[in-house]
Amino acid sequence: MTKKTKYNIAIISFLLTLFVVFNGFIYTSNENENPIKLTGHALQGQRLWQENNCWSCHQIYGLGGYLGPDLTNVYSAKNKGPEYIKAFLNSGVKTMPKFNFSETEKEALVAYLKLLDSTGYFPNYNAKFKPNGWVELDYKK
Ligand code: HEC
């Protein structure tokens with residue numbers, strides 16, 4: 001082996017090691033971990049939300065079906081809240097189906113909507129659109 005070949009092998013080995021270490025670092029760092037943790041009741045609520053296709057008529061942050069209202073902040077909205085939400089679930093108003101949820105299931109859906117509510121509000125009329133496309137959110141209601 002010439003001196004030059006040895007030198008090249010050394011450089012390539014060094015770069016490969018850097019690559020492996022760097023990847024190990026990137027894929028094990030928790031920096032991008034989802035900050036919203038769905039656990040217990042809220043997790044069960046999310047499952048009920050998906051199984052019963054609530055999203056086909058309702059929106060969260062404006063996304064979903066449009067037969068019913070957006071539910072992002074139904075939990076904290078004036079004159080609404082947990083009891084209000086529960087009242088809708090099994091009553092079959094307008095085009096909303098009459099579900100047959102148990103008290104625990106109703107609580108779970110409320111827990112899910114409460115958690116969603118805590119993540120922000122919609123629509124956010126105080127959002128500022130900057131010329132570079134960045135959106136600055138004002139989290140105060
Ligand atoms: C087929 C369409 C449809 C489906 C599916 C549906 N809804 Fe509704 N929902 C509606 C409509 C329409 C209203 C408005 C009723 C009214 O204002 O009288 C409504 C109202 C509500 C309200 C009251 C909202 C407010 O701000 O007044 C809540 C809470 C709600 N639905 C929760 C749910 C949940 C949870 C599910 C799934 C388990 C669900 N809905 C599935 C159509 C639907």
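In this predicted model, His58 is buried, and Met96 is buried as well. Both residues take part in one metal site, since the iron atom of the ligand is coordinated by His58 through its NE2 atom and by Met96 through its SD atom, at 1.9 to 2.1 Å. The site of this iron atom has 6 donor atoms with angles of 85 to 177° among them, and its geometry is octahedral. For comparison, the ideal angles for six octahedral donors are 90 or 180 degrees.

The two coordinating residues link distant parts of the chain, being 38 residues apart, and the table gives the place of each.

| Residue | Loop begins after | Loop ends before |
|---|---|---|
| His58 | helix H2 (40–51) | strand E1 (59–60) |
| Met96 | helix H3 (82–89) | helix H4 (103–117) |

Turning to the whole protein chain, its secondary structure comes to 4 helices and 4 strands, which follow the pattern α-α-β-β-α-α-β-β when read along the sequence. The radius of gyration of the protein chain is 25 Å, whereas the globule rule gives 14 Å for 141 residues, so the chain is more spread out than a compact globule. Its C-alpha trace spans about 85 × 40 × 25 Å along the principal axes.

The domain assignment divides the protein chain into domain 1 (1–33) and domain 2 (40–117), and the centres of these two domains, taken over C-alpha atoms, are separated by 50 Å.

Of the 141 residues in the protein chain, 25% count as buried, while the chain exposes about 10800 Å², of which carbon and sulfur atoms supply 62%.

Conventions. Residues are numbered from 1 along each chain as its sequence is written. This is a predicted model: local features need pLDDT of at least 70, side-chain atom pairs count only at pLDDT 80 or more; totals for chains, interfaces and linings use all residues. Side-chain values use heavy atoms; hydrogens and water are left out. Donors are N, O and S atoms within 2.8 Å of the metal (3.2 Å for Na, K and Ca); water is not among the atoms, so sites may look incomplete. Four donors count as tetrahedral if all angles lie between 85 and 135 degrees; four count as square planar and six as octahedral if opposite donors are over 155 degrees apart and all others between 65 and 115; anything else is irregular. Buried means under 20% relative accessible area, exposed over 50%, partly exposed in between (1.4 Å probe, protein chains only). Domain bounds come from an automatic or database domain assignment. The radius of gyration is taken over C-alpha atoms; the globule rule is 2.2 Å times the number of residues to the power 0.38. Accessible areas come from the Shrake-Rupley method with a 1.4 Å probe; for residues, only the protein chains shown count as cover.
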